[in-house]
Amino acid sequence: MTIAAPDAPLLRPPPARLLDAGDTAPVVHAPDHTGNHASTGVDQLAGKPILLLFCPVLDEPCLIAFRAIAGELAVAQAALFAISRHGTEANAAMHDRLLLPFAILADTR
């Protein structure tokens, strides 16, 4: 419960800072397009490049472009995760339709 004087402003935490080049990316825990739990913080990815592709909408041309370079990323031992605001069903449909070699994670919060 917050008690404040009638004219006093409510205290709120400062907004999160946007990521800059070279910043450490946050660890993402979310269901993948199959409904299984996925995490970008697993030991198998430690020390390897991780590319997080944020897709507020499932942008087909963007996903196709990243599908085209997925082989090069694999050679570089880099992991690619697309993160969408859609649920697992929509992500699964797009993943299957485009035959993507990388997971689409559902961030529906």
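Student: Buried means under 20% relative accessible area, exposed over 50%, and partly exposed in between, with a 1.4 Å probe and protein chains only. Where does Cys 62 fall, buried or exposed?

Tutor: Neither one. Cys 62 has a relative accessible area of 21%, so it counts as partly exposed.

Student: Okay. What kind of model is this?

Tutor: The model is predicted: local features need pLDDT of at least 70, side-chain atom pairs count only at pLDDT 80 or more, and totals for chains, interfaces and linings use all residues. Residues are numbered from 1 along each chain as its sequence is written, and side-chain values use heavy atoms, with hydrogens and water left out.

Student: Back to cysteines. How many disulfides are there?

Tutor: Zero. Cys 55 takes part in none, and its nearest cysteine sulfur belongs to Cys 62, 5.2 Å away. A disulfide needs two cysteine sulfur atoms within 2.5 Å.

Student: Why doesn't Cys 62 bond with Cys 55?

Tutor: Because the closest cysteine sulfur to that of Cys 62 is the one in Cys 55, and 5.2 Å is too far for a bond.

Student: And Cys 55, buried or exposed?

Tutor: Cys 55 is buried, because its relative accessibility is 4%.

Student: New topic. What's the overall layout?

Tutor: The protein chain has two helices and five strands. Along the sequence, they run β-β-β-α-β-α-β. Both types are DSSP runs, numbered from the N terminus: helices are H or I with at least four residues, strands E with at least two.

Student: How much of the chain is buried?

Tutor: There are 109 residues, and 29% of them count as buried.

Student: What about contacts between residues far apart in sequence?

Tutor: Take the contacts in the protein chain with a separation of 6 or more: 57% of them link residues 24 or more positions apart. Contact means heavy atoms within 4.5 Å.

Student: Let's pick one residue. Where is Thr 40?

Tutor: Thr 40 sits in the loop between strand E2 (37-39) and strand E3 (50-55).

Student: It's in a loop, so which is Thr 40, buried or exposed?

Tutor: Buried, because its relative accessibility is 8%.

Student: Which residues does Thr 40 touch?

Tutor: Leave aside neighbours within four places in sequence. Thr 40 then contacts Pro 26, Val 27 and Val 28, along with Leu 45, Ile 50, Leu 52 and Phe 81.
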